[in-house]
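Subject: Structure for you to look at

Hi,

Here is the structure I promised to pass on. Please open it alongside this note, and I will walk you through what turned up.

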Amino acid sequence: MWRRFLLVCMAGAIQAQWSSAGAAMQATSLATAATTPAIPAISASATGEAALRFSPFAALRDAAHSRRVALVIGNGEYGDAREPLRTNARRDAEAMRDALRSRGFDVIVRTNATPPEMREAIAEFQRRLQTGDLGLFYFAGHGMQIGRQTLLSPAGVEVSRATSIDLNTILQAMQSTRAGRLNLVILDTCLDNPFATAATTTQTTAVSANTVIAYATAPGGFAADGTRHGVYTGAWLHALHDADLSAQPLAEMFEHIAAEVRRTTGGTQQPWLATAHPNVVLASAIESQPPLTTVSHAITLHSRGILPKDSNDQYEITFWESIKDSNYPADYEAYLKAYPNGRFAPLAHARIDRLRAAAASNAPATAAPAAPNNHATQAAPPAPVARPAAQASTATNPPPAPAPKPAPPQPAVAAAAPLTQKAVAHPPGGAGEIRDCAACPIMIAVPAGSFAMGSNTDDPSEKPVHHVSIGAPFAIGKYPVTVEQWNVCVAANACQKLTPESNTNKAAPARDLSWDDAQQYIKWLVKTTGKPYRLPTESEWEYADRGGTTTAYWWGEQMRKGAANCKDCGDPWHKEGPESVGTFGANPLGLYDMNGGVWEWTADCWHNSYQGAPVDGHAWDNPGCEVRVIRGGSWREGGDYMLSATRFKYSASVRQSQDGFRVAKDLH
């Protein structure tokens, strides 16, 4: 997959002439083609006739005997789909249906079509096309590119290669028994490869002489959703409803659409056009453009792609999605430390500069002294490049007495009000509970036992499912370490101060913490209590999370509203941060917030699968390990991250606002 944030524009014009629907194309010279992973991208010769003098939406309207047939599909009901795709895809299909019918198309429409329904619709499309002059296929929803295949995902089933419909199937239906007839395909879907670790096919999408494919994005790219429609679909609808635009040659119409999409997405989405006929020349519109870093807040990037949790791009994109609305430079600095050349690096730098400029413009002329016992945020000095997150998030070795500091910087966009602190009762210790000091975390004793670790989902990192035996009992935190508990370590000068913007609720999990920060707290806890505290191993964490259950979630096979603190998982939920610990129900062992709230660091080094993993419950470590395992999901993820087997990774030194931890200790 392409890992560059800005993709070169592949939009262009098609050189040929059609005098009427179904007329043969006149031969032109063919320039040398530079192939892409999906379909040949053909360069143009510098001739005077660089545009296709044919408009399928206007010129055919007046043809006496022309017949136009369209198949329109909008799928949004996927297990991992979030708003706005879930509702936008249906609206996209219905709006495209209406626009095409108004131009004389015989339209077959399906929304949230299952695999059998998609195959039935394709067969009906093929039958109607036998007497058709122009065939048009439109698809909105999840899509992916694997090797040289373009796959479109049905609704109502688990998204996978096996359930997806190969674009070749649709193209063959459009091309059969219709020699010389024009086919137009419009795909508002992503072209990423979510299964990059799997073997890829060498099959080439069969694009015939009379077929033009309009992609929402270039290979390796992602497609965005707007408030009511996909951004690409919205641009098509605008063009179709504009009489002047719809009467333009197809290439000119497409160029207008592509420009609108680039403008709306700040250059992050680059539509392109493809054809494979030797007499149709794709004029390359490769231009030198300055990076576009302003993205409309009304769009949702990457909403139409499939990104399983094992995908390397998923780690980066999940990181970005979790901070993209942040008003604090430290979140973007953490991203840049983890991904200095990442696809969102230009946006991260731009956000940092904007937020610092806003802070500087709002700062008072003279600084007021800080109130006693309150932590003020020190304004970050401007810098051309981001500081490491370990320096950016919190101050090391703070002065013994508070010195006059500037007022806290004001975010460029008004920040939401901090969460109301809730009084959550933390008993000193019930049956099976342990507390080694008044400020120490409450621990739950977990008996020895065995379980099946991992899952048989499409995520290779959770495979193979393997039998693990926990040979000795251990204790694990009843809750994640809270802000209040962390601050006791800060008061002892043993831990760094928490990022104040992210940790206003003392009863909430302490967050914006790296793996290294967690080790700092554990070192203080060991010194204070004399007990063998540590982070739980990954297998101990999953064993404790499952609590003796074998289902996908500890509460059952399906996501249940109100079972975890996560996005779209039910109230209470606030986008600003996690709820107070203990707000949601406990698992069978009496452990709270194992799923949702904050991601929790474990002791293990990250490995891409469980091949060779320990089966005795010990940590799987490597000398010099820089990337550690985190488990459980956070309040910002959806329900599909709440499964007991879900695992993820981050650099051990990186602070990120969704990351926290709970402690474990040996029982002797």
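Glutamate 433 is buried, because its relative accessible area is 19% and the cut-off for buried is under 20%. Please keep in mind that this is a predicted model. You will find glutamate 433 in strand β14, which covers residues 433-434. The side chain of glutamate 433 makes a polar contact with the side chain of lysine 478, at 2.7 Å. If you want another landmark, try valine 446: glutamate 433 and valine 446 are 13 residues apart in sequence, and their C-alpha atoms are 9.9 Å apart in space.

Now to the aromatic rings. The structure holds 16 aromatic pairs. One of them is formed by tyrosine 521 and phenylalanine 661, with 5.6 Å from centre to centre and 70 degrees between the planes, an edge-to-face arrangement. This pair links distant parts of the chain, 140 residues apart. Tyrosine 521 belongs to helix α12 (residues 515-529), while phenylalanine 661 is in the loop between β23 (659-660) and β24 (664-666). Are these two rings buried or exposed? Tyrosine 521 has a relative accessible area of 0%, so it counts as buried. Phenylalanine 661 is buried too, with a relative accessible area of 1%.

A second pair to look up is tryptophan 599 with tyrosine 641. Their ring centres are 6.1 Å apart and their planes meet at 85 degrees, so this pair is edge-to-face; the cut-off for that label is over 60 degrees. Tryptophan 599 lies in strand β20 (residues 599-605), and tyrosine 641 lies in the loop between β21 (627-631) and β22 (647-651), so the pair ties together parts of the chain that are 42 residues apart in sequence. As for exposure, tryptophan 599 is buried at 1% relative accessible area, and tyrosine 641 counts as buried at 8%.

Going back to tyrosine 521 and phenylalanine 661, you can also pick out a cluster there: Trp486, Tyr521, Trp524 and Phe661 form one aromatic cluster.

Finally, have a look at two arginines that lie over rings. Arginine 628 is over the face of tryptophan 515, at 4.0 Å from the ring centre. Arginine 68 is placed over the face of phenylalanine 105, at 5.9 Å from the ring centre.

Happy browsing, and do write back with any questions!

Best wishes

Technical notes:
Residues are numbered from 1 along each chain as its sequence is written. This is a predicted model: local features need pLDDT of at least 70, side-chain atom pairs count only at pLDDT 80 or more; totals for chains, interfaces and linings use all residues. Side-chain values use heavy atoms; hydrogens and water are left out. Rings of Phe, Tyr and Trp (its six-membered ring) pair if their centres lie within 6.5 Å; planes under 30 degrees apart count as stacked, over 60 as edge-to-face and the rest as tilted. Helices (H or I, at least four residues) and strands (E, at least two) are DSSP runs, numbered from the N terminus. Buried means under 20% relative accessible area, exposed over 50%, partly exposed in between (1.4 Å probe, protein chains only). A charge sits over a ring if NZ of Lys or CZ of Arg is within 6 Å of the ring centre and within 35 degrees of the ring normal. A polar contact is a pair of N or O atoms within 3.5 Å; within protein, one must be able to donate a hydrogen and the other to accept it, and residues adjacent in sequence count only if both atoms are side-chain atoms.
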